[in-house]
Amino acid sequence: MDKKVEEDIVKFVQSIKETETYQRYSSQLAKIKCEPELFNKVNEYRWKNYELQNTSQVDQLFDRMDAFEKEYEKFRENPLVDEFLAAELAFCRMMQDINVFITKELNFE
C-alpha cells in the first residue's frame, strides 16, 4: 500500500474513533462484554438476524422477521442489550455512509 495512503487511513480511523457514534458503540460493547453469558446471547441474536436477512426469500422475509422480533421481544427489553444493539446499529450505519461516500467520490462502479 502507498505509504501516504496508509498514513491517511490511520488518521481517518482515528477520526472515526473520536466520533460520538463510535465512542458510544465502544462503551456499550465494553459494558455488555462484562456479562459473558449475555454477550453470547447477543451474538446468537445477531447471527440469527444476519442469517434471516441473508437467506430468506423476499416473499417470506416480512413474516420471518415478525416472528423473529416476537421471539426476541423480552430479550430486547433488557436495557443493556437494547442500548448495545442501538449503538451497534448507529455505528454500522455510519460505516455504510462512509463506504457509500468513498465509493461515490472514487466513481467506483
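## Starting at E88

E88 lies in helix α6. Before going further, please keep in mind that the model in front of you is a predicted one. Is E88 buried or exposed? Its relative accessibility is 13%, so E88 counts as buried, given that the cut-off for buried is under 20%. If neighbours within four places in sequence are left aside, the contacts of E88 are Y25 and R46.

E88 is also a good way into the next topic, because E88 is one of the residues that lie nearest the centre of the largest pocket, where the lining is made up of 18 residues. 

## The largest pocket

Let us look at that pocket in full. A general idea helps here: when a probe the size of a water molecule is rolled over the atoms, it shows where empty space is left. In this model, the volume of the largest pocket comes to about 460 Å³. Which residues lie nearest its centre? They are Y45, N49, Q53, E88 and L89.

Four elements give two or more residues to the lining of the largest pocket: α3, α4 (58-71), α5 (73-76) and α6 (79-105). Which of the elements gives the most? The answer is α6, with seven residues in the lining. Sorted by class, the lining of the largest pocket has nine nonpolar residues, six charged ones and three polar ones.

## F84 and Q28, two buried residues

Stay on helix α6 for a moment, and you will find F84 there. With a relative accessibility of 0%, F84 counts as buried. What does F84 touch, apart from its neighbours within four places in sequence? The contacts of F84 are Y25, Q28, L29, I32, V42 and R46. Two of these, Y25 and R46, are also in contact with E88. Distance along the chain and distance in space can be set side by side here: F84 and R24 are 60 residues apart along the chain, and their C-alpha atoms are separated by 8.7 Å.

Q28, one of the contacts of F84, is found in helix α2. Q28 has 8% relative accessibility and therefore counts as buried. Beyond residues up to four places away in sequence, Q28 touches L80, E83, F84 and A87.

## How α2 meets α3

Now turn to a pair of helices. Helix α2 covers residues 20-33 and helix α3 covers residues 36-55, and the two pack with their axes 7 Å apart, at an angle of about 120°. The two helices, α2 and α3, are therefore oblique to each other. Which residues make the contact? From α2 come L29, I32 and K33, while α3 brings P36, L38, F39 and V42. By class, six residues of this contact are nonpolar and one is charged, with no polar residues.

Some of these names will be familiar: L29, I32 and V42 are among the contacts of F84.

## Partly exposed places on α3 and α4

Further views come from E51 and R64. E51 has its place in helix α3, and at 34% relative accessibility E51 counts as partly exposed. How far apart are the C-alpha atoms of E51 and K11? They are separated by 34 Å, and the two residues are 40 residues apart along the chain.

R64 lies in helix α4. Its relative accessibility is 40%, so R64 counts as partly exposed. From C-alpha to C-alpha, R64 and Q53 are 9.2 Å apart in space, and they are 11 residues apart in sequence. Q53 has already appeared as one of the residues nearest the centre of the largest pocket.

## Along α6 and beyond

Our last stop begins on α6 once more, with V100. Is V100 buried or exposed? At 56% relative accessibility, V100 counts as exposed, since the cut-off for exposed is over 50%. V100 and R76 are 24 residues apart along the chain, and 30 Å separates their C-alpha atoms.

After α6 comes a segment that holds N107. N107 is not a glycine, although it has a positive phi of about 50°. With 65% relative accessibility, N107 counts as exposed.

Terms used: Residues numbered from 1 in each chain as written. Predicted model: local features only at pLDDT ≥ 70, side-chain atom pairs only at ≥ 80, totals over all residues. Heavy atoms only, no water. Axes fitted to C-alpha atoms, helices over the stretch in contact; angles between N-to-C directions. Parallel < 35°, antiparallel > 145°, perpendicular 65-115°, else oblique. Contact = heavy atoms within 4.5 Å. Nonpolar A, V, L, I, M, F, W, Y, C, P; charged D, E, K, R; others polar. 1 Å grid on protein atoms, 1.4 Å probe; cavity = no way out; pocket = protein on both sides within 12 Å on 5 of 7 lines; lining within 4 Å. Points joined across faces, edges and corners; volume = space filled by probe spheres on them. Buried < 20%, exposed > 50% of the residue type's maximum accessible area, 1.4 Å probe, protein only.
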